[in-house]
Every structure is written in C-alpha cells, then in structure tokens.
Amino acid sequence: MMKNVVGVDMGCTKMLMVAEVDGQLVEGKVPTGLDCSLEYLAGEIDRFIAGLPYEPEGLGIALPGLVEGDRRLQFSDIRALCGVTADDFAKGRFRCRLINDVKAATVAEAANYPEKDTVAVMMAGSGLALGVYSKQRMYTGAGGFAGELGYTVIATEAGPRKVDELAGGIGILARAGCDIDAFLAKIRDGDGDSLALLERAGFYCGLAITNVLHLFNPDVLVIGGSTSTYPGYMDTALRTAEKHTLPDMFQACSFASPKDGKRIAALGAMQFLRTGMEF
C-alpha cells in the first residue's frame, strides 16, 4: 500500500489538498470557482506538492461531476474540468486516480461503520450529492454516475426545479443576492427574509432526504457539507424528512455528521488511491 500520497478535494468554491508528514496531516487551501482554469488548479496542486518533504507516490483527486472509471471526468459544473484526465495532473510523475467527490466522502465514512449494511453519505455544499455503500459495494449505476442528487427534480409553484437550485449553497446565495459572509450575518441578525429563505432551502433538503430514505433504506445517513452547517438548515431538513418518510424507514436510519467534515473528500480520495479500491 502506498504511504506518501496526496489527497485533493477540488470543490466549486475551494480546493483542499492534504498529505501526511511525520504522522501528521498537513493541508493547503485555495479558492476556486466555476470559471477557474485547469492551469490554475493543476498549478496549485503542484505548488502544494513542491512544499512537501517528499515526492509523492500518488495523487488522489475528488472532483464534482461525472467521473468515468478513475481516469477521466466527463462532466463538471467547473467548466474547465469537463474532459480532464488523471494525466493532466500527474504529468507522468506518479500514479493519479480520480473519483467523484461524494463517492470519495462515502469511501471515508463507510470505513467508520463496518458493521452496518448500508451507509449513505449526503453532501450538502454548493449543491447536493449522494453516495451509497451497501453490502460491501459502492452503488455506482451503469456508467458509474449514480448519486447526482442535486440534479433530481422537484415540482414547485414556479415549475420543476433541480434540488441544487432549491437546497444547495449556490442556489441559496443566488436568491439572497449576497456572498456567504453577508448572508450568515443576516441570519445571525434575525433578518426575516434571510431566515425564510433558509427555512425554504432546509425544507427542500428534507424532501431530498425523504427520497434517499425511501429509495435506499440506509441504516446510517451521514450528512456533511458547508450548507448543512448553516444555522437551522438541518433542523428544518430532518423535521421535514421525518414528517414525509414512512415511520419504519425513518426510525431504521441513524443520522450522523462526518468524522472529519472539512477533509472528508480529500481523505476518501487518499484512501481510494492507497487501497486500489475498485467499484
């Protein structure tokens, strides 16, 4: 098993890079964005690697979007990543494996529940996504793309809308018309419109959870991601889910937070690389 590896969580708003040095995790974080370039992302990874006291044996990268196998990203909301391959980051220096970000999070969390039959991991960040690990196997679907919870559709008074638009962080801030710091300040100040907006988003997150419980019947649902930490968001979501889920299925599931919420996807990418896990 590889020892000196780097794990990367390449998100829509930031990129986290993690490595182990002398038994301790070291990390670097840089901003991203839907319009950032491949050159910028690859360059920041190279900069992080250059600061390590060793040349890594491998690089595991968790990315948002549809990952083909472990070598190519077919589609991502980060436009520059559409069609990117592992070779674009490794450049012939070491092994590199790509993995969808929520599947990476699921790899990390499933290891914490070895006695459970079905572990589901939902990340509520810029958007919503789902990973399901059941009977010692990751649920991948025909093309490996299963889990795009944010692209499922819910009927609203304004017509059909994606869950991402209704419950994801990017959708919330777009409706709020401000950045995250300003929005959270309004929440703390008790701004009525902001509180109502967050309540609405939590409601739609709850409906998404209801669908997850009915479809996959997990005995553990781990919920992480930055949006899940917004004040009151998860309270509304779980209250809504309990109201709309069959009681036996809701009670059969325990709800948990990630063991390491900030580094969950990067750590999962490291584990995916180190173990040579296949889906």
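Student: What makes strand 1 and strand 2 (residues 14-21) a pair, and in which sense do they run?

Tutor: In this predicted model, five bridges join strand 1 to strand 2, and the two run antiparallel. Two strands pair if at least two bridges are found between them, and five bridges are present here, so strand 1 and strand 2 count as a pair. Among the bridge partners, V8 is matched with M17 of strand 2, and V6 with A19 of strand 2. A hairpin of three residues connects strand 1 to strand 2.

Student: Which strand pairs with strand 1 in the parallel sense?

Tutor: Strand 4 (residues 58-63) does, over five bridges. V8 stands opposite I61 in strand 4.

Student: Why is strand 1 (residues 5-10) described as largely enclosed?

Tutor: Buried means under 20% relative accessible area. Six of the six residues of strand 1 are buried, so the strand is largely enclosed by the rest of the structure. V5, G7 and D9 point one way, V6, V8 and M10 point the other way, and all are buried.

Student: What is the order of the strands in the open sheet that contains strand 1, and which are its edge strands?

Tutor: The order is 3-2-1-4-7, with mixed pairing. The edge strands are strand 3 (24-31) and strand 7 (95-100), as each pairs on one side only. Neighbouring strands of this sheet are turned by 15° against each other on average, direction ignored.

Student: Which helices pack on this sheet?

Tutor: Helix 1 (residues 38-50) lies across strand 1, strand 2, strand 3 and strand 4, and runs at about 25° to strand 2. Helix 3 touches strand 1, strand 4 and strand 7, and its direction makes about 100° with that of strand 7.

Student: Which strands of the sheet ordered 10-9-8-13-14 does helix 3 lie across?

Tutor: That open sheet has five strands and mixed pairing. Its edge strands are strand 10 (137-138) and strand 14 (254-256). Helix 3 lies across strand 8, strand 9, strand 10 and strand 13, at about 135° to strand 8. Within the sheet, strand 8 (residues 118-124) and strand 9 (residues 128-134) pair in the antiparallel sense over seven bridges, and V121 stands opposite G131 in strand 9.

Student: Why is helix 3 called roughly perpendicular to helix 10?

Tutor: The axes of helix 3 (residues 101-110) and helix 10 (residues 264-275) come within 7 Å and cross at roughly 75°. Angles of 65 to 115 degrees count as roughly perpendicular, and therefore helix 3 is roughly perpendicular to helix 10. The contact involves D101, A104, A105, V107, A108 and E109 of helix 3, together with I264, A265, G268, A269, Q271 and F272 of helix 10. These residues divide into eight nonpolar, two polar and two charged.

Student: Why does T227 count as buried?

Tutor: The limit is under 20% relative accessible area. T227 has 0% relative accessibility and therefore counts as buried. T227 lies in the loop between strand 13 (220-224) and helix 8 (233-244). Leaving aside neighbours within four places in sequence, T227 is in contact with A124, G125, S126, A167, G168, G169, I172 and Y233.

Student: How does the span of helix 7 (residues 192-216) agree with the expected value?

Tutor: Helix 7 has 25 residues and reaches 36 Å from its first C-alpha to its last, close to the 36 Å expected at 1.5 Å a residue. Just after helix 7, N217 takes a positive phi of about 50°.

Notes. Residues numbered from 1 in each chain as written. Predicted model: local features only at pLDDT ≥ 70, side-chain atom pairs only at ≥ 80, totals over all residues. Heavy atoms only, no water. Axes fitted to C-alpha atoms, helices over the stretch in contact; angles between N-to-C directions. Helix = DSSP H or I, 4+ residues; strand = E, 2+ residues; numbered from the N terminus. Parallel < 35°, antiparallel > 145°, perpendicular 65-115°, else oblique. Contact = heavy atoms within 4.5 Å. Nonpolar A, V, L, I, M, F, W, Y, C, P; charged D, E, K, R; others polar. Buried < 20%, exposed > 50% of the residue type's maximum accessible area, 1.4 Å probe, protein only. Expected span 1.5 Å × (residues − 1).
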